[in-house]
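Biologist: Could you take a close look at one part of this model for me, the helix packing and the core that goes with it? I'd like the cut-offs as you go.

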Amino acid sequence: MERTPDTLLHAAAAALNPILVQCALDAGASPMSTGACGRTALMLAIMHGGDHEATLGLVGMLLTTGTPSGINCRATTAGLTALMLAAHLGMPTIVQTLIEAGASVETECAEGETALHKAQTGSDE
């Protein structure tokens, strides 16, 4: 995946702002490029949102525009995918959406853990 400085799309996703996310996508922003933090806009929306309608809407927007292979992109620091983040943060609706969109449940992070492991450890760490 292409790594760039944080863009309007990254900032809009982190702020959970669907209007700015859509504007950035309409302007050609790549939802699967990684920003300076090594995360995609999809990962940032998951990290800053909750398992509710607004986050689900942003996730859907980013998945519709993104490439299917990009859904399994790993953050550069720990090798986490969007699915691992959602599982760890206890977001079952987002987890289901990501799996239905083709996220791999078998991908391992740098520690050798899958999304299932992340779901078991939960967000208490």
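Modeller: Here's a walk through the packing, then the core, then a few single residues.

Bear in mind that this is a predicted model, where local features need pLDDT of at least 70 and side-chain atom pairs count only at pLDDT 80 or more, while totals for chains, interfaces and linings use all residues. Residues are numbered from 1 along each chain as its sequence is written, and side-chain values use heavy atoms, leaving out hydrogens and water.

Start with helix α4, residues 53-65, which packs against helix α6, residues 92-100, at an angle of about 15° with the axes 10 Å apart. (Helices are DSSP runs of H or I, at least four residues, numbered from the N terminus; axes are lines fitted to C-alpha atoms over the stretch in contact, with angles from 0 to 180 degrees between N-to-C directions.) The two are therefore roughly parallel (under 35 degrees; over 145 is roughly antiparallel, 65 to 115 roughly perpendicular, the rest oblique). The crossing of α4 past α6 is right-handed (the near helix is turned clockwise from the far one by less than a right angle). From α4, Thr-55, Leu-56, Val-59 and Leu-63 meet Thr-93, Ile-94, Thr-97 and Leu-98 of α6; contact means heavy atoms within 4.5 Å. That set splits into 5 nonpolar, 3 polar and no charged residues (Ala, Val, Leu, Ile, Met, Phe, Trp, Tyr, Cys and Pro are nonpolar, Asp, Glu, Lys and Arg charged, the others polar).

Helix α4 also packs with α2, at about 5° and again with axes 10 Å apart, which makes α2 roughly parallel to α4. Here Pro-18, Val-21, Gln-22 and Leu-25 in α2 meet Leu-58, Met-61, Leu-62 and Thr-65 in α4. The tally for α2 with α4 is 6 nonpolar, 2 polar and no charged.

Now the core. The largest nonpolar core has 34 residues, and Val-21, Leu-42, Ile-46, Leu-62 and Leu-98 touch the most other members. (A core is a set of buried Ala, Val, Leu, Ile, Met, Phe, Trp, Tyr and Cys joined through side-chain atoms within 4.5 Å.) Two or more residues each come from α1 (8-14), α2 (18-26), α3 (41-48), α4, α5 (82-88) and α6. Beyond four places in sequence, Leu-42 touches Pro-31, Met-32, Val-59, Leu-62, Leu-63, Ile-71, Ala-82 and Leu-98.

Back in α6, Ile-94 is buried at 0% relative accessibility (buried is under 20% relative accessible area, exposed over 50%, partly exposed in between, with a 1.4 Å probe and protein chains only). Outside four places in sequence, Ile-94 contacts Ile-46, Asp-51, Thr-55, Leu-56, Val-59 and Ala-86. Its C-alpha sits 8.5 Å from that of His-52, 42 residues away along the chain. Pro-92 is in α6 too, but this proline is exposed, at 55%. Pro-92 and Asp-51 lie 41 residues apart in sequence and 7.1 Å apart C-alpha to C-alpha.

Two loop residues to finish. Thr-40, between α2 and α3, is buried at 1%; among its contacts beyond four places are His-10, Pro-31 and Cys-73. Leu-16, in the loop between α1 and α2, has a positive phi of about 60° without being a glycine, and is partly exposed at 25%. Most residues other than glycine have a negative phi.
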